[in-house]
Amino acid sequence: CIDLPVVQLTRTKCAATHHRATTAFTTEMPLVISVSMFVWLFASFFPTSMQAVDFPAPSLFDCLVRQGDQLMSRRTPDGCLAAADIFEMAVATMSTMSEADLMRLKAADALVTAMRIVGNGNIMLLDGTLDTPANKAYWGKHGPRALHLVRSVQPPLRSSAWAAATEMDAFMFSGAAKGLVRQALTGAGVEFRALAEGLIDKHEMQDSAASHCYLGGLFNVAPWPVGNKKRAEEEFAKALALAPNSRRNNYYMCVLRLQASEPAAAITYCEAALQASCVGKSEGDICEFLTKETKRILGLAYQATAKV
């Protein structure tokens, strides 16, 4: 999208929607202007050549989607929130319901990505949880919006693995905003389990078998009668068996083994985690924190073995 008036229109609308979008586009303006200037100069010196070339004008929808995708590619919280504003704005320019649903899902995914990055995916820790006051405030602000967007999507896109995974994350962050452990014993905990089991049934391999990780995390951190350490281990073991190259999956087994006072086994899984990769975008979003925690737990496991 090199047409300057279109970009200006986009900036104006996004600024009215959220100040983030205006800030995000500021750095892109020199590029747009320079490209437009190049086209003008080329047309001035080679008018005949320009007349022979047909430059299709991009639609406002195309420009909005491209700008949103560019912001998403940065994988920063503010960029993702600005992208969500843009994708939601693009819904109004759709000519078909399927296109509108795609924009709603992209907006929900952008919000989920921002919440994942800010709260380090709300992954299970060796001790404590990530539902800090700051994280809960952030999830509480953006989680309900993401959940509403993804649940507004209609079939056939609604039944896709992408939509199911986005709904799972949106629901998790929305619930965690009210306190992870407390929510596990309410109707929210029942719905969380149902969503995770639905992922296992229909999209088990989505995001390196994250479906089993959701369920394992619920069983591991929830109090009785929902909590079940044996079932948690079974779910995390299934995730690792299905996607052994995932750093996250190895990390979870490392955590479980040290929680069970088995430091030697924890060392094995932690070292395997550090040799594995952060597979995919969602795991990549938390890779730095995941790696830091793995190294920390590995150190604790070595200390524990030295005392035996």
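# Asking why, one label at a time

Modeller: Let's start with Pro 156, which you'll find in the loop between α8 (133-151) and α9 (161-176). Keep in mind that this is a predicted model.

Biologist: Okay. What is the peptide bond from Pro 155 to Pro 156 like?

Modeller: That bond is cis, and its omega is near 5°.

Biologist: Next, Arg 75. What sign does its phi have?

Modeller: Positive, at about 55°, although Arg 75 is not a glycine. The residue belongs to the loop between α5 (60-73) and α6 (77-90), so you meet that positive phi just after α5.

Biologist: Why is Arg 75 called partly exposed?

Modeller: Its relative accessible area is 24%. Buried would need under 20% and exposed would need over 50%, so Arg 75, at 24%, counts as partly exposed.

Biologist: And what about phi and burial for Ala 209: what are the values?

Modeller: Phi of Ala 209 is near 60°, again positive in a residue that isn't glycine. The residue lies in the loop between α11 (187-203) and α12 (210-221). Its relative accessible area is 0%, and the cut-off for buried is under 20%, so Ala 209 is buried.

Biologist: Staying with α5 for a moment, how do you know that its length fits what is expected?

Modeller: Helix α5 has 14 residues and reaches 20 Å from its first C-alpha to its last. At 1.5 Å a residue, 20 Å is what you'd expect, and the helix comes close to that.

Biologist: Which residues of α5 are buried?

Modeller: Cys 63, Leu 64, Val 65, Gln 67, Gly 68, Leu 71 and Met 72.

Biologist: On to charges. How many salt bridges does the structure hold?

Modeller: There are 17. One of them pairs the side chains of Glu 191 and Arg 151.

Biologist: What makes Glu 191 and Arg 151 a salt bridge?

Modeller: Their N to O distance is 2.8 Å. The limit is 4 Å between a side-chain nitrogen of Lys or Arg and a carboxyl oxygen of Asp or Glu, so this pair qualifies. Glu 191 lies in helix α11 and Arg 151 in helix α8, so the bridge ties together parts that are 40 residues apart in sequence.

Biologist: Are those two buried, partly exposed or exposed?

Modeller: Glu 191 has a relative accessible area of 32% and Arg 151 has 34%. Both values fall between the 20% and 50% cut-offs, so each residue is partly exposed.

Biologist: How do you know that Arg 158 and Glu 167 form a salt bridge?

Modeller: The closest N and O atoms are 3.2 Å apart, and the rule asks for a distance within 4 Å. Arg 158 is partly exposed at 23% relative accessibility, whereas Glu 167 is buried at 9%.

Biologist: What about Arg 257 and Glu 262: how far apart are the closest N and O atoms?

Modeller: 2.6 Å, so with the limit at 4 Å that is a salt bridge too. Here Arg 257 counts as buried at 8%, and Glu 262 is partly exposed at 35%. Elsewhere, salt bridges that share partners join Arg 75, Arg 116, Asp 169 and Asp 285 into one network.

Biologist: How many aromatic pairs are there in the whole structure?

Modeller: A search finds four.

Biologist: Why is the pair of Phe 192 and Tyr 214 called edge-to-face?

Modeller: The ring centres are 6.3 Å apart and the planes stand at 80°. Centres within 6.5 Å make a pair, and planes over 60 degrees apart make it edge-to-face, so the name fits. The pair links distant parts of the chain, with Phe 192 in helix α11 and Tyr 214 in helix α12, 22 residues apart. Phe 192 is buried at 12%, and Tyr 214 is buried at 13%. Ring pairs also link Phe 236, Tyr 251 and Tyr 252 into a cluster.

Biologist: Last one. What makes α13 roughly antiparallel to α14?

Modeller: The axes of α13 (residues 229-242) and α14 (residues 247-259) come within 8 Å and cross at roughly 150°. Angles over 145 degrees count as roughly antiparallel, so that is what α13 is to α14.

Biologist: Is the crossing left-handed or right-handed?

Modeller: Left-handed, as α13 passes α14.

Notes: Residues are numbered from 1 along each chain as its sequence is written. This is a predicted model: local features need pLDDT of at least 70, side-chain atom pairs count only at pLDDT 80 or more; totals for chains, interfaces and linings use all residues. Side-chain values use heavy atoms; hydrogens and water are left out. Helices (H or I, at least four residues) and strands (E, at least two) are DSSP runs, numbered from the N terminus. Buried means under 20% relative accessible area, exposed over 50%, partly exposed in between (1.4 Å probe, protein chains only). The expected span of a helix is 1.5 Å times one less than its number of residues. Rings of Phe, Tyr and Trp (its six-membered ring) pair if their centres lie within 6.5 Å; planes under 30 degrees apart count as stacked, over 60 as edge-to-face and the rest as tilted. Axes are lines fitted to C-alpha atoms, for helices over the stretch in contact, and angles run from 0 to 180 degrees between N-to-C directions. Angles under 35 degrees count as roughly parallel, over 145 as roughly antiparallel, 65 to 115 as roughly perpendicular and the rest as oblique. A crossing is left-handed if the near helix is turned anticlockwise from the far one by less than a right angle, and right-handed if clockwise.
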